[in-house]
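Have the chain open in your viewer and a pencil at hand. Try each exercise yourself before you read its solution.

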Amino acid sequence: MSKDAVNTAAAASPSDAAQVPADAGDAGYSKDLKARHVNMIAIGGAIGTGLFLGAGGRLHNAGPALAIAYLVCGIFAFFVVRALGELVLYRPSSGSFVSYAREFLGEKGAYVAGWMYFLNWSTTGIADITAIALYTHYWSLFTDIPQWVLALVALAVVLAVNLISVKIFGEMEFWFAIIKVATLVGFMFVGIFLLATQHEVGGQTPGLSVITDNGGVFPHGMMPVVLVMQGVIFAYAALELVGVAAGETAEPEKVVPRAVNSIMWRVGLFYVGSVVLLALLLPGSVYSADQSPFVTVLSKIGVPAAGDVMNLVVLTAAMSSLNSGLYSTGRILRSMAMAGSAPKFTARMNRSQVPYGGILLTCAVCVLGVGLNFLVPAQAFEIVLNVASLGIISTWVIIMVCHLVFVRRAKAGEVTRPSFRLPGSPVTEITTIAFLLACLGMMWNDPEVGRKTLLLIPLIAAMLVAGWFGVRRRVSRTADQELSQLTK
């Protein structure tokens, strides 16, 4: 429903003015996600390949100060999810922030939010299937199978899981998250044991001396820490899945606050804690972007099959990310389709109450990724990963802008804020938006990849403008139809 339609309807019917506006895209969903599913979706969103694989290269570049980067970015990520959680309790919606953008920013805001999120997850999906193929090649059994074939098989498997039912999706995410958490907890126990016993790791005694004898917390200065911020933000991408999942749980008012609040201590424990441990065990120069930092440590102490175990975990993390991407874009596209800003077929649902149209559209873009794996297998991952970062930063900025408008309307008495709130508004939102935009600007300091990614912004903007002119009449007709139904 458009912003104007909501306002007009409220004026036409004063008795209904206090009612929360509905989103037509929320109709027809089951409520099969349990509290444990949503909690694990929150954990799974916070823990992925950005930690299991990406932390190695970042430790090499930034040193122990990477823990500070993860902490700072984690705080801002928490602000985003807390703001989204408040909006969810105000009105749970499977359209999530797209639905809120429609209410608080109008149809153009919802259009931009939805398609930028689609850009994020469709390109992330390409990165995921590329990663899955690369991780599978680690084992000699799959070495002779072309990378594009493995990518296609992975896409087909996750697509099938998503199309069966939301309950199956929830179960898959639950167990994916269990594997990731169990691996991290296991490694942290090993790391703490090595520290407590002063067991040598790679010929060095672990402890603070590993940091102080190798350049300190900032071995390469502040700039490398600043430059890794954009990559760290991407590591936290998918936390917003909690908002989408809330539309398919029976008691969002109980489940969402618990899941959102738990994110902060999990980020502190798993991300910051594990990076501090890694820095205390080995110098940053020993880690590399080509190997999981956990494998590096375990291999240095002679743990058999450490590479095999961690490769299975990062493979699981990539499958989890692909699974989440298909799930969320299916719901977001359906919300957009019901408002007229996405193709009509993306609104279709199957008998299991799954919006298969939007899921298939995302898969179609991922198939292009299979083509990338065929044409340029070595560059496929890097190409799409940076485009995805544009999508996630824009999504988080839109969430904070929506929350700003929401709070302003609450102060005007137009809406009611729930008791579960983002603290420090509006300073918190403005500071978070400024930080996210600064992270975007930092990409210019990377001439090889980041600068080229930023140069795509005018092209993406032109495509969004052209697309809007293509759908605006349909959006207007849909809004008029909803308005006429409200005023009957």
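## Exercise 1: The chain as a whole

Among contacts in the chain (heavy atoms within 4.5 Å) between residues at least 6 apart in sequence, 80% join residues at least 24 apart. Before you go on, note that this is a predicted model, in which local features need pLDDT of at least 70 and side-chain atom pairs count only at pLDDT 80 or more, while totals for chains, interfaces and linings use all residues. Residues are numbered from 1 along each chain as its sequence is written, and side-chain values use heavy atoms, with hydrogens and water left out.

Task: How many helices and strands does the chain have, and what percentage of its residues count as buried?

Solution, step by step:

1. Take the secondary structure from DSSP runs, numbered from the N terminus: helices are H or I with at least four residues, and strands are E with at least two. The chain comes to 21 helices and 0 strands.
2. Sort residues by relative accessible area: buried means under 20%, exposed over 50%, and partly exposed in between (1.4 Å probe, protein chains only). Of the 488 residues, 58% count as buried.
3. Turn to the outside. Accessible areas come from the Shrake-Rupley method with a 1.4 Å probe, and for residues only the protein chains shown count as cover. The chain exposes about 19300 Å², of which carbon and sulfur atoms supply 66%.

## Exercise 2: Pairs of opposite charge

Task: Which residue forms a salt bridge with Glu86, and where do the two partners lie?

Solution, step by step:

1. Start with the idea: side chains of opposite charge can pair when their charged atoms come close.
2. Apply the cut-off: a salt bridge is a side-chain nitrogen of Lys or Arg within 4 Å of a carboxyl oxygen of Asp or Glu. A search of the whole structure finds 3 of them.
3. Find the partner of Glu86. This is Arg417, and the closest N and O atoms are 2.5 Å apart.
4. Place both residues. Arg417 sits in the loop between α18 (380-411) and α19 (427-442) and Glu86 in helix α5 (residues 66-90), so this pair ties together parts that are 331 residues apart in sequence.
5. Check their cover: Arg417 and Glu86 are both buried.

## Exercise 3: Helix α6 and its charges

Task: How many of the residues of α6 are buried, and which salt bridge does Glu103 form?

Solution, step by step:

1. Count along the helix: 9 of the 10 residues of α6 are buried. Among them are Phe97, Tyr100 and Phe104.
2. Look at Glu103, which pairs with Arg91 in a salt bridge whose closest N and O atoms are 2.9 Å apart. Glu103 lies in helix α6 (residues 96-105) and Arg91 in the loop between α5 and α6, so the bridge ties together parts that are 12 residues apart in sequence.
3. Compare with the cut-off for cover. Glu103 has a relative accessible area of 4% and is buried, and Arg91, at 7%, counts as buried too.
4. Move to Arg102, whose side chain meets that of Glu107 in a salt bridge (3.3 Å, N to O). Arg102 counts as buried at 1% relative accessibility, and Glu107 is buried at 9%.
5. Finish just after α6, where Gly106 takes a positive phi of about 90°.

## Exercise 4: Patches on the surface

Task: Which helix gives the most residues to the positive patch?

Solution, step by step:

1. Learn the rule. Patches are made of residues with over 30% relative accessible area and no salt bridge; like charges are joined within 9 Å, and nonpolar side chains (Val, Leu, Ile, Met, Phe, Trp, Tyr) within 5 Å.
2. Learn which charges count: Lys and Arg are positive, Asp and Glu negative, and His and the chain ends are not counted. The place of a charge is NZ of Lys, CZ of Arg, CG of Asp or CD of Glu.
3. List the members: Lys108, Lys344, Arg472, Arg473 and Arg477 gather in a patch of positive charge.
4. Name the helix: α21 (residues 457-486) gives the most, with 3 residues. Arg473 is found in α21 and is exposed, with a relative accessible area of 67%.
5. Now the nonpolar patch: Ile68, Val217, Phe218 and Met222 form one, with about 340 Å² of accessible area together.
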